[in-house]
Amino acid sequence: MLKLSQLFFRRTALILTGTFLVAAILGYYLLRQMEIDTHARMLRNLLTVLEYDLRSLPPGKIPATLRQIHRKTGVRITVIAPDGRVLYESNRSPVGMENHAGRPEILAAKAQGWGEAVRHSATLGVDLLYVAHRDRDYYVRAAYSLQSIRQQLLRLWLKALGGFALILMGIFLFSLRLNERIGRESRRLSRSLEQMLEKKYDADIAPVECCAEFAEIRKMLQKVAKKLAKRERQKAKYTRKLKALTQRQSDIISAISHEFKNPVAAVMGYAQTLQEGQNIDPEIRRRFLSKIHDNAEKISLMIDRLALAIKLENRSFSPRKSRFELSSVAAAVRETLLQKYPGRTIRLDCTPVTIEADRDMIEHVLLNLVENALKYSEEEVILRCTSERLEVIDEGEGLSPEDREKITKKFYRVDRLSWNNSIGVGLYIVEYVLKLHDTALKIESREGKGSVFSFSLKEMHPRRENVSGTPSSR
């Protein structure tokens, strides 16, 4: 397949060659006709002057005069009678010459006064241009050889042909230059396309120096490159997200597997010991069964938390709000955790405050916050609530700035090397539940000094009803 520049060059060469040939042929015949017309006018002028001279000459001097004109001009002069007889002839004696009454130029002169014809002369054996004129009682005819016209025409045609050839040469050189520029622009665009194939979309496309069409193609290539670059960035972003999601799923499976492994291993270990020890001490059997029960509860709790986290993630949960006294929920949470962590101190410092929220979810929030404080602190844990805010305060090891940023993320645990009955979704659930209640978890912590986990209660205050029974905000 030919390149654009090659096609342009070939087409241009064919067009120029065809134009040259057609112009040469048409020019030849046009110039030939122009020469014939010019000589015909010349012969008419000659005949007009000659007729005036012939009227004043005696008959005996006419032949000599005609021969003299022929020698000077090369024009053959013939005087013909009305009946067609040749009276005088410049080139030879009229004796024995054929009757000229039927010659085309004589017939035309007889009918119109002037007559012209181009034909072959049997007498001279050449093609002649004949011009005849009727003058009173005779015809005067002038004949000029076309061979002379052809020679003059050839000289004129060669000059015109030379000028036209120079013009064509200029056009040809211009075509070569234009062909070179088209080839250069084509190569530039090809390099740009190669860069796009190599996904180098930010590479600059060279500016176009020739032709508006190439400039338009360059603009289109720039638009395509921008779109492809944007699509490539989106693809890379999607790939990163997909990798992150895959890694996240792997981390989830790993975390769940790790966290379930210890309690399941404990259950299996104690159960196997009980199966193999037929005569085991009843006290030991009771303690082992208690351990199996405790670990089963831990597994159940982790499953519940995981199920809740998934439900919140899928946004398939909506709070069922009711009015209740927050201090009663706080007291119930304290009693539950003291049974789970005997020997620990949980100080309840709550003023009576009624809130409108999902009671089970708020209880779950308090359980998570207080249990986290118990896990990471050996000191007293304070659960404080006022009409404006709820706080869980501990004097434990505190959090680093990095942990403080990530602690509410799913499956994140501060101490990844220890197992503490947690799969890292507790604070994630807390934050999500508080968000559903139009408030947010605030974390204040210093390493080695302890932490304060709190959230505002103002958004949960029940709305008062006005006189018309329509709820109004406090």
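The structure holds 14 salt bridges. The model is a predicted one, and these ion pairs are a convenient way into it.

One of the salt bridges joins the side chains of R44 and E116, with N and O 2.9 Å apart. R44 belongs to helix α1 (residues 4–56) and E116 to strand β3 (residues 114–121), so this pair ties together parts that are 72 residues apart in sequence. R44 is partly exposed, at a relative accessible area of 30%. E116 is likewise in the partly exposed class, with 38% relative accessibility.

A second pair links two strands. R76 forms a salt bridge with E89, and the closest N and O atoms are 2.5 Å apart. Because R76 lies in strand β1 (residues 76–80) and E89 in strand β2, the bridge ties together parts that are 13 residues apart in sequence. Both R76 and E89 are buried.

Further along the chain, the side chains of R384 and D349 meet in a salt bridge at 3.3 Å, N to O. Here strand β9, which holds R384, is tied to strand β7 (residues 346–350), which holds D349; the parts joined are 35 residues apart in sequence. R384 counts as partly exposed at 27% relative accessibility, and D349 is partly exposed at 32%. Salt bridges can also share partners: E105, R119 and R141 are joined into one network in this way.

Strand β2 deserves a second look, together with the loop that follows. The strand covers residues 86–89 and includes L87. L87 is partly exposed, with a relative accessible area of 31%. Its C-alpha atom is separated by 9.7 Å from that of M97, 10 residues away along the chain. E98 is found in the loop between β2 and α3 (104–112). With a relative accessible area of 56%, E98 is exposed, because the cut-off for that class is over 50%. The C-alpha atoms of E98 and V86 are separated by 7.7 Å, and the two residues are 12 apart along the chain.

Next come two helices with surface patches. Helix α4 spans residues 146–197 and contains M169. M169, L173 and L176 make a nonpolar surface patch of about 270 Å². M169 is partly exposed, with a relative accessible area of 46%. In soluble globular proteins, nonpolar side chains tend to be buried together. A patch of another kind is formed by K219, K223, K227 and R231, which gather as positive charge on the surface. R231 lies in helix α5 (residues 212–276). R231 is exposed, at a relative accessible area of 57%.

The interior is described by the nonpolar cores. The largest of them has 39 residues, and those with the most contacts inside it are L326, L369, V370, L390 and F455. The elements that give two or more residues to this core include the helices α7 (326–340), α8 (359–375) and α10. On the strand side they are β8 (354–357), β9 (381–385), β10 (389–394), β11 and β12 (450–456). Which element gives the most to this core? It is α8, with 8 residues.

Helix α8 also carries a charged residue, E371. At 4% relative accessibility E371 counts as buried, because the limit for that class is under 20%. E371 and Y341 are 30 residues apart in sequence, and their C-alpha atoms are 9.1 Å apart in space.

A last point concerns backbone geometry. Most residues other than glycine have a negative phi. D438 has a positive phi of about 65° although it is not a glycine. D438 is found in the loop between α10 (426–436) and β11 (441–446), and both of those elements give two or more residues to the largest nonpolar core. D438 itself counts as exposed, with 56% relative accessibility.

Key:
Residues are numbered from 1 along each chain as its sequence is written. This is a predicted model: local features need pLDDT of at least 70, side-chain atom pairs count only at pLDDT 80 or more; totals for chains, interfaces and linings use all residues. Side-chain values use heavy atoms; hydrogens and water are left out. Patches are made of residues with over 30% relative accessible area and no salt bridge: like charges are joined within 9 Å, nonpolar side chains (Val, Leu, Ile, Met, Phe, Trp, Tyr) within 5 Å. Accessible areas come from the Shrake-Rupley method with a 1.4 Å probe; for residues, only the protein chains shown count as cover. A salt bridge is a side-chain nitrogen of Lys or Arg within 4 Å of a carboxyl oxygen of Asp or Glu. Lys and Arg count as positive and Asp and Glu as negative; His and the chain ends are not counted. The place of a charge is taken as NZ of Lys, CZ of Arg, CG of Asp or CD of Glu. Helices (H or I, at least four residues) and strands (E, at least two) are DSSP runs, numbered from the N terminus. Buried means under 20% relative accessible area, exposed over 50%, partly exposed in between (1.4 Å probe, protein chains only). A nonpolar core is a set of buried Ala, Val, Leu, Ile, Met, Phe, Trp, Tyr and Cys residues joined through side-chain atoms within 4.5 Å.
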